[in-house]
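Please open the structure in your viewer and keep the sequence panel beside it. The tour below moves from one selection to the next and says what is to be found at each stop.

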Amino acid sequence: MSYTKRNLTLPLAISIAFLAVTIFGIVTFHNTDVVRENERQIAHSFRIRETTRELLSSMKDMETGQRGFLITGNEGYLDSYYLGLTEVDQAFDRLRELTNGRATQQANIDQLEKLNNDRKAYLTETIELRRKANGPTVSENILALMSSGRGKETMDATRQIVANILTEQKHLLARQESVADESAWSSRLLIVAGNVLSLGLLLTAGVVAHLDRKQRDNAEQQMRAKQSELEAIINSSHDGVVTFGRDLRVRLMNPAAAAIFRVAAESVVGKSVLALCPSTTTCDGGKALHDFLSSSMQVATFTEAKGKRTDGQEFPFTGVMTKTVADDEFVTWMIHDLSESKANQVKIREQAAILDRVRDAILVCDMQGRILYWNGGSQRLFGYAPEDAVDRNVGELLFTDTPDFWEQGQIALLEKDEYSTEVTHRKDDGTMMTLEHRRSLIRDEHDMPSAQMVLNIDVSERKKDELRDRRSQRLISIGTLSGGIAHDLNNVLTPILMSAKLIKRAGSDHQRLADTIVTSAARGGQMIKKLLAFAGGEDGPREKINFADILAEAEAILRHTLPKTIKLRVEHSDDLPLILGNATELSQIVMNLSINARDAMPDGGRLDLVAERFYVDPSRASRSDILTVGPHVLLKVCDTGEGIDKDIITQIFDPFFTTKEQGKGTGLGLATSLGIIRSHGGDIDVYSELGVGTTFSVYLPCVSSRVQPKATQRTFDVPEGHSESILLIDDEPLILDTVAETLRAHGYRVQTASSGDAAVEIYRGSGQPFDLVILDMMMPGIDGLEVKNLLRADNPKLRIIASSGLRRPGSDGSRLDDFDAFIPKPYSDDQLLQAVHNTLQSDRRMP
């Protein structure tokens, strides 16, 4: 439609509307009187209908009240009956007034009133009968009357007459409403038609124009949004996207594809897609593309193909081509560059090969402990091939002896992202090795724990080296105390030597002199035992220890060895908690700190060793990398010596650092002590003032809040033998004679051997088997361990008691339970006889 036609439409529509309104106004005025008369007649008919309905409703109310009274005998139900009776009479009066002058309707009302009188008589009769019944049940007379059908017939006739009245009024109303509707319709039609016609033309045109414009705007906006969304999706894809038509010319290339081919996207658009293929495959590629476009296939997949970058470099890729048939058919080519993944695979293989050559055991497992990677070092250390270890649970595979170890470590790993400890592992041959166990948490791209890398290092040899170093350091400590030891030994030997010579003289008090010899020998034996325990003690499994016992043993040694110019004070709380540790190592800490204190007081002074309960609170624990919150034993070693200069106090725990003269110190004492303390989960502090003294504070964690009382030693009567046969082996003639004489004096038969060779010869040449062998562990030639092996080869059940003044089974590679008992030298006759008796009476080996 032209612009001129659009302008004429609106005036024409207005003119037609004005003419229509004028005509319809005249007609409407004429019809107004007709409409009003019809409305009056309609209202009159409606009143007749409503009154008739009210009459029927009141009659029903009468019947409802009557039935309620008949059933229950309750006079309250008759209220609705009497109310209905009144309303019925009122309704008849209104109906006669409304139908005045209408013969047919008056006849219907007369008939209806007669039926109502019959119905009222019936209801009154039943009510009177029920009143006479005076009981909760309905009498037979009433039931018979109700079953006669008299009331129903009357009510049915009443309903029929009411229906006739209503039907007649309905027809009358229909005729009246039809006339009124026709008159009103003609008026309304002309008025509305004119208005609608005039306004409709304007509104329709405006609405249509507005909707059309809005639809076009929405469609354009949706198209732009979808286009932007599609463009964003394509441009954000990590895979390359290239589209081209049947002419093979590129229409679109996203940034990922441009990066893969190393070109500018706009420089490729409009060129042949074959330019992106290597020259050696261009012909074949073109034919394949034409075949794909000509076929009925919708999708073509390339598992691994080659593409060409602008620099001529070829690269592998996987791709999918999808054909889209629209107004203009085109192909979408999805490209995934495999160059990086190929390089990563090579890198992973190289790294795996490197890890396989690492001596340490490296494995990776998920958070449930399932092994995902197992390197060659793990196979060499634990003996499981990768195919036997991967997918198995690491705790069940490697740490069956310590079932809680893996879970506890994982809890610590989740808290700190790393975890390290030492753990023992049983090899296939039954021997134990010590592992340095480290774990590192691996998180995914959402920073959630996904796996854990585990490094296990066999530190068994390193632990043995540390043990030897500690023992060497203990021997050095003993060497620094050698002057005091020699002095004390001389004090022990002097009364023994003098008393022995006095016994030879006549008239001497032999009993008193013998007691002196025994007392001095026992004193020397105890001193030597303590020194040996300190110098070469076992560094085996840790046990619960009362630190008061450690202080008591250290005090016994120090009081014999410290210069008289140094006053020693040892104190401890009575309620010290227990420590889980090694007694020899803890004694070494006390001795090292005490020797340093002695050297710091060349002119004498005071040395205090004090142990007390101490609770490490969060504030104190935060100042240490080792300490944890909880109860500890605090050992303070205080001296009144020269003190330590502040410039060097931070270096005193460094290995080989010493301020002593050449040859008087190794610089290992404090370093060794620090290592022992931290291996026990403790820490050490030092405070010093020049010219005032130094205090070392050692914190050791506790395992119990109570000290277990020491078991009291029981005394036994010296047991007598019953001619049991004993082979006594020792390279010391005096010990050999004295022990043999003691055993014979108490009822045993004894043969002696002064060497291992002689013992084996006597044992094998004897006609009767020996009941027991007492064996010295250190002898020239064949030592005690080898003699034991030779004798047990002949008789595996042979009972053997080991004896030594230095070497205890278990400290030299032999096992403690290879022997039935052990007697450390020096020992008394009571100790000897008790050990012999217990061994002969028991079938068990030494625990």
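What follows is a walk through a predicted model, from the whole chain to single residues.

**The whole chain**

Begin with everything selected: the chain holds 24 helices and 22 strands, and buried residues make up 38% of its 847 residues. If you display the surface, you are looking at about 48600 Å² of accessible area, of which 54% belongs to carbon and sulfur atoms. Among the contacts with a separation of 6 or more, 62% are accounted for by residues 24 or more positions apart. The structure also holds 17 salt bridges, and some of them are visited later in the tour.

**Two helices**

Select residues 583-599, which form helix α18, a run of 17 residues that reaches 24 Å from its first C-alpha to its last, close to the 24 Å expected at 1.5 Å a residue. With the rest of the chain shown around it, α18 proves mostly covered, since 14 of its 17 residues are buried. Now go to the start of α18 and add N582 and E585 to the view: a side-chain oxygen of N582 comes to within 2.9 Å of the backbone nitrogen of E585.

Next select residues 669-679, helix α20, which is largely enclosed by the rest of the structure because eight of its 11 residues are buried. The buried residues of α20 are G669, L670, A671, T672, S673, L674, I676 and I677, and it is helpful to colour them apart from the others. Continue just past the end of α20 to G681, where the backbone takes a positive phi of about 80°.

**Strands β3 and β4, and the loop between them**

Move to D311, which sits in the loop that joins β3 (299-308) to β4 (314-324). D311 is partly exposed, with a relative accessible area of 48%. Add F261 to the selection and draw a distance from C-alpha to C-alpha: D311 and F261 lie 50 residues apart in sequence but 8.8 Å apart in space.

Staying in this region, select V320, a residue of strand β4 that counts as partly exposed at 30% relative accessibility. Together with V299 and M334, V320 makes a nonpolar surface patch of about 200 Å², so a surface view of these three residues is a suitable way to look at the patch.

**Two buried serines**

Select S725 in strand β18 (residues 725-729). S725 is buried, with a relative accessible area of 8%, and, residues up to four places away in sequence not counted, S725 touches R749, P769, F770, D771 and L772.

Then select S803 in strand β21 (residues 800-804), which counts as buried at 2% relative accessibility. What does the side chain of S803 reach at 3.1 Å? The partner to pick out is the backbone oxygen of I823. When neighbours within four places in sequence are left aside, the contacts of S803 are L775, D776, M777, F822, I823, K825 and Y827.

**Charged pairs**

Side chains of opposite charge can pair when their charged atoms come close. For one such pair, select D366 and R370, which form a salt bridge with their closest N and O atoms 3.2 Å apart. D366 is buried at a relative accessible area of 10%, whereas R370 is partly exposed at 37%.

At the next pair, R438 and E436, the closest N and O atoms of the salt bridge are 2.3 Å apart. Here R438 is partly exposed, with a relative accessible area of 38%, and E436 is buried, with a relative accessible area of 12%.

For the last stop, select D608 and R569, whose side chains meet in a salt bridge at 3.2 Å, N to O. Because D608 lies in strand β14 (residues 605-616) and R569 in strand β12 (residues 566-572), the pair ties together parts that are 39 residues apart in sequence. D608 is buried, with a relative accessible area of 5%, while R569 counts as partly exposed at 30% relative accessibility. Finally, add E571 and R606 to the selection, and you will have the network of salt bridges that links R569, E571, R606 and D608.

Conventions:
Residues numbered from 1 in each chain as written. Predicted model: local features only at pLDDT ≥ 70, side-chain atom pairs only at ≥ 80, totals over all residues. Heavy atoms only, no water. Helix = DSSP H or I, 4+ residues; strand = E, 2+ residues; numbered from the N terminus. Expected span 1.5 Å × (residues − 1). Buried < 20%, exposed > 50% of the residue type's maximum accessible area, 1.4 Å probe, protein only. Polar contact = N/O pair within 3.5 Å; in protein donor to acceptor, adjacent residues only side chain to side chain. Patch = residues over 30% accessible without salt bridge, like charges linked within 9 Å, V, L, I, M, F, W, Y side chains within 5 Å. Areas by Shrake-Rupley, 256 points an atom, 1.4 Å probe, with all protein chains shown as cover. Salt bridge = Lys/Arg side-chain N within 4 Å of Asp/Glu carboxyl O. Contact = heavy atoms within 4.5 Å.
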